[in-house]
Amino acid sequence: MARDLPHFHLRNLGQPRPFQAKGGGGSKRPSDVPNRAAHAQALLQAIDALPDIPATELPGVYLEISSRIDERLKKDSLDASGLMLLRIEDFPIPGGAQERATVFATAKGIENLRKKVDQFRTEDTPDREKDGEFIPGRPKNADLVQSVAAITEAGLRALWRSPPGKFPAADIAAVWEVWLEPQMTEAFVAAAPNYGVTVGADRLEFPEDTVVVVQADRNQLAQAVRRLGGVRALAAPTITADFFDGLPVAEQAQWVDELSGRTTYSDHPNAGYVTLLDTGVSRAHPLIQPALSVDDRHAANPAWGLEDVKGHGTQMGGLALFGDLTQKLHQANPVMVMNRLESVKLLPDAGMNPHHLLGAVTKQAINAVEQVGPRRRTFTMTTTTGEDTPHDGAPTSWSTEVDQLAAGVSGGLRQQRLVLVSAGNTDNFTFGAGNYLDRCDHEDNEIESPAQAWNVLSVGAFTEKTVLPNGDPAQALAPFGDLSPASRTASWSSHWPNKPDVVLEGGNWALSAMPPPMRHGWLSLLSTHHNYPVRSFTFTFDTSAATALAAKDVTELWSDYPTLWPETVRGLYVSSARWTQQMRAHLPAQANKGHYMPLFQRYGFGVPDMARARRSASNALTLIVEDTITPYGISEKTGGDVHNELKLFALPWPVEALRALGNADVTLRVALSSFIAPNPSEASRGVRYRYASHNLRFQLNRAGENEAQFLARISKAAEQPDGPANDEDDLWDYGSNRRHVGSLHIDQLTCKASDLARRNLLAVHPVTGWWKSKKLLAEGLPSVRYALIVEIDAEGLDTELYAEVQVAVEALIAAQAVVQV
């Protein structure tokens, strides 16, 4: 096999995952401070610097109390004697982790806290004897005072209970949830307008909290919180789609006008297009019209009209532009719509397409829209069929045609295409009273065709919608962060692709005393109604909604990096996904590779993270390679077909930075994405190596394994792709059974940083495919594109991985440029 070194593209990626401090709940006695008097004096000075509560006529002061590194705060002492503990959270910091507590302190609480610190400085507990052993006295209040590193007045962020990324931007009016002490609610509501804070009429009552929705900028709300007290927490609003869908027609139109007034639509000539293959999209809606040109509506059949008479396509269009409208309507800051729309009617207004024509109609739809000219399109199809069920993951005529269209071997234009397909929906009337996941996992709820296609990005649904109105007798069926009950799953054997690839919000169902569970407005998403102005909004849900949200993400990501290939964008987006804490809760404490299978079958690789896919941080990086490979050839010696080429990468690892981390753990994640040309012949069913034109694999050298040893091991693996797993598999989280399927391969391993510094060789090599045929190869040796995405995450450790790799990559590019000259 020949080998060469393709060009690298370097990007940073993601934010570090939170570092969890060891120990728990204050059970561990804090270690003695080096200088007792100095520590106490520093804390006393911090207390004295706090606002004088009586003099300023404040009800109290919000404190942020930080622990010493890797110490636990003494919670009981922070929730007594005039102190109210509101929240406590771990934060990663250089050298370890820190607890930070938010505490509301009255004047009496500040006085008592100061007294305890002063006693620690000057007084000891008496000596004592226990079980015949002499125990000397300790400084009074040592467990409390020694655990504390700093005391400061808290800001709004210390009260924030929602994800950090949802914290409102500065100097912009936003909608907030304010969680209040019930007995302080009326006083806060009455006085808040004096500080520019508008309080909504609706309230939620809980045993220890009353929740109101307010509108204010950060400075206004900070003044109200500081001056009025009674606030226990702040959060992003949880107003639901039901509120807007239930409004009268005139009020819905007013909300549309308000949102339109603060929405800007991208006019960039290279803006990405979400191309909806659906029921058509209505241009009458004011939120859609600016993004959908009159010339960008088409139909697979020229005889069909272009209007959306069913409504589904217009719902998807609203989601692809705005996401869930619930959040956009309840914020006051400007909205930027980055995507544009194209609509291709794939379904007739009456009846359905004949089953045997589904693949042909899809090709006609794509051909129709591509006649407009070249654009960066995200083809989005939320139509599936149950007539191919059960297919057990094997190709069908429709899925094979979609694979051909994605690979560029079908369609009027021979070009690769990025295609998103929904996983299909379950039937709620088949659900009983048992665990809903058992029903979703059942073999007759398998993902519908064509979502099993190898080259598409298949989208299932999960949910974070679990709140129902007070007094509602029903309860949310799925827990927060788990599979949406509407989402189908993959029950097939391991040699077919992992599907779905990702999951996004698809809503939840409400379960009353008797089955079946039903959809509920509070548990749904909100989008645009096709019959505007008769109605402005409508509920939307299920894997269709999840797929439209994914299309919004993918198109925006592609616009950030417009030169990337479709294969690359697919790999980058899916590789950003992670399972939620609730999803991972289904794993046993000591999970092995086999335990991951149900997670892949339900959630794919999890929930994509756009921040991880597009943003940068100094301690996380991504290398992206886009290259071609000629996988098969004809032997000059024997005349038979052989594996022709592999690509070997000497990865520009930040060796010095990794060595400096020593035994600290770092995570390596690798994604390999390529579009295969399919062969659905009957002989290929059940044989993955005969369905795919080519199959690619990636391998990483072991610590201490030189290039010659590494290449010898790869050659053996290439000739025996289904042979026994090698020792390297034991280091990867998912292993070959999960990794070596389909045309998108992702795995990760966690190892010591010093070991990763020695694992700097990564190979992409072929195993057999239907192109590996002497008869075919005699006509020419086909080459294929692939994208390789390599990510290192130092998990919050204090290091500068990116900077060192950037220097190495620049040196590589410079050296290659010299050779080319």
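**Exercise 1. Charges over rings**

Task: In this predicted model, find which ring the charged end of Arg36 sits over, and how many Å it lies from the centre of that ring. Then do the same for the charged end of Arg100.

Solution: Begin with Arg36, whose charged end sits over the ring of Phe120, at 5.8 Å from the ring centre. Next, turn to Arg100, where the charged end sits over the ring of Phe91 and the distance to the ring centre is 4.2 Å. As a check, a charge of this kind has to be within 6 Å of the ring centre.

**Exercise 2. Aromatic pairs**

Task: State how many aromatic pairs there are, and then work out why the pair of Phe431 and Trp509 ties together parts that are apart in sequence.

Solution: The count comes to 22 aromatic pairs. One of them joins Phe431 and Trp509, with 5.2 Å from centre to centre and 80 degrees between the planes, and this pair is edge-to-face, because planes over 60 degrees apart count as edge-to-face. Now locate the two partners: Phe431 lies in the loop between strand E18 (418–422) and helix H13 (436–440), while Trp509 belongs to strand E23 (residues 509–511), so the pair ties together parts that are 78 residues apart in sequence. Finally, consider how far each residue is covered: Phe431 is buried, with a relative accessible area of 5%, and Trp509 is buried as well, with a relative accessible area of 2%.

A second pair can be treated in the same order. Trp454 and Trp496 form an edge-to-face pair, with centres 6.3 Å apart and planes at 75 degrees. Trp454 is in the loop between H13 and strand E19 (457–463), and Trp496 is in the loop between strand E21 (482–483) and strand E22 (502–505), so this pair ties together parts that are 42 residues apart in sequence. Both Trp454 and Trp496 are buried.

Ring pairs can also join into a cluster, and here they link Trp579, Tyr596, Phe600, Phe605 and Tyr734.

**Exercise 3. Helix H14 and its two partners**

Task: Describe how helix H14 crosses helix H15, and then how helix H9 crosses H14.

Solution: Take H14 (residues 542–560) and H15 (residues 566–575) to start with, whose axes come within 10 Å and cross at roughly 120 degrees. The two helices are therefore oblique to each other, and H14 passes H15 in a right-handed crossing. The residues that meet are Ala550, Asp553, Val554, Leu557 and Trp558 on the side of H14, and Pro566, Val569, Leu572 and Tyr573 on the side of H15. As for its surroundings, H15 is mostly covered, with 10 of its 10 residues buried.

Now take H9 (residues 312–322), whose axis comes within 7 Å of that of H14 and crosses at roughly 40 degrees. H9 and H14 are therefore oblique to each other, and their crossing is right-handed. In this contact, His312, Met316, Leu319, Ala320, Leu321 and Phe322 of H9 meet Ser544, Ala545, Ala548, Leu549 and Lys552 of H14.

**Exercise 4. Unusual backbone geometry**

Task: Decide whether the peptide bond from Pro515 to Pro516 is cis or trans, and find which residues have a positive phi although they are not glycines.

Solution: As background, most residues other than glycine have a negative phi, and most peptide bonds are trans. The bond from Pro515 to Pro516 is cis, with omega near 5 degrees, and Pro516 lies in the loop between E23 and strand E24 (518–519). Another cis peptide bond joins Tyr532 and Pro533, with omega about 10 degrees, and Pro533 is placed in the loop between strand E25 (525–528) and strand E26 (537–540).

For phi, Asp70 has a positive value of about 60 degrees, and Ser81 has a positive value of about 55 degrees. Asp70 is in the loop between strand E2 (61–67) and strand E3 (83–93), and Ser81 is likewise found in the loop between E2 and E3. Asp70 counts as partly exposed because its relative accessibility is 33%, and Ser81, at 37%, also counts as partly exposed.

**Exercise 5. The surroundings of Leu477**

Task: Determine whether Leu477 is buried or exposed, and which residues it is in contact with, leaving aside its neighbours within four places in sequence.

Solution: Leu477 lies in the loop between strand E20 (475–476) and E21. At 17% relative accessibility, Leu477 counts as buried, because the cut-off is under 20%. Beyond those sequence neighbours, Leu477 is in contact with Tyr436, Pro485, Asn508, Trp509, Leu511 and Pro517.

Key: Residues are numbered from 1 along each chain as its sequence is written. This is a predicted model: local features need pLDDT of at least 70, side-chain atom pairs count only at pLDDT 80 or more; totals for chains, interfaces and linings use all residues. Side-chain values use heavy atoms; hydrogens and water are left out. Rings of Phe, Tyr and Trp (its six-membered ring) pair if their centres lie within 6.5 Å; planes under 30 degrees apart count as stacked, over 60 as edge-to-face and the rest as tilted. Helices (H or I, at least four residues) and strands (E, at least two) are DSSP runs, numbered from the N terminus. Buried means under 20% relative accessible area, exposed over 50%, partly exposed in between (1.4 Å probe, protein chains only). A charge sits over a ring if NZ of Lys or CZ of Arg is within 6 Å of the ring centre and within 35 degrees of the ring normal. Axes are lines fitted to C-alpha atoms, for helices over the stretch in contact, and angles run from 0 to 180 degrees between N-to-C directions. Angles under 35 degrees count as roughly parallel, over 145 as roughly antiparallel, 65 to 115 as roughly perpendicular and the rest as oblique. A crossing is left-handed if the near helix is turned anticlockwise from the far one by less than a right angle, and right-handed if clockwise. Contact means heavy atoms within 4.5 Å.
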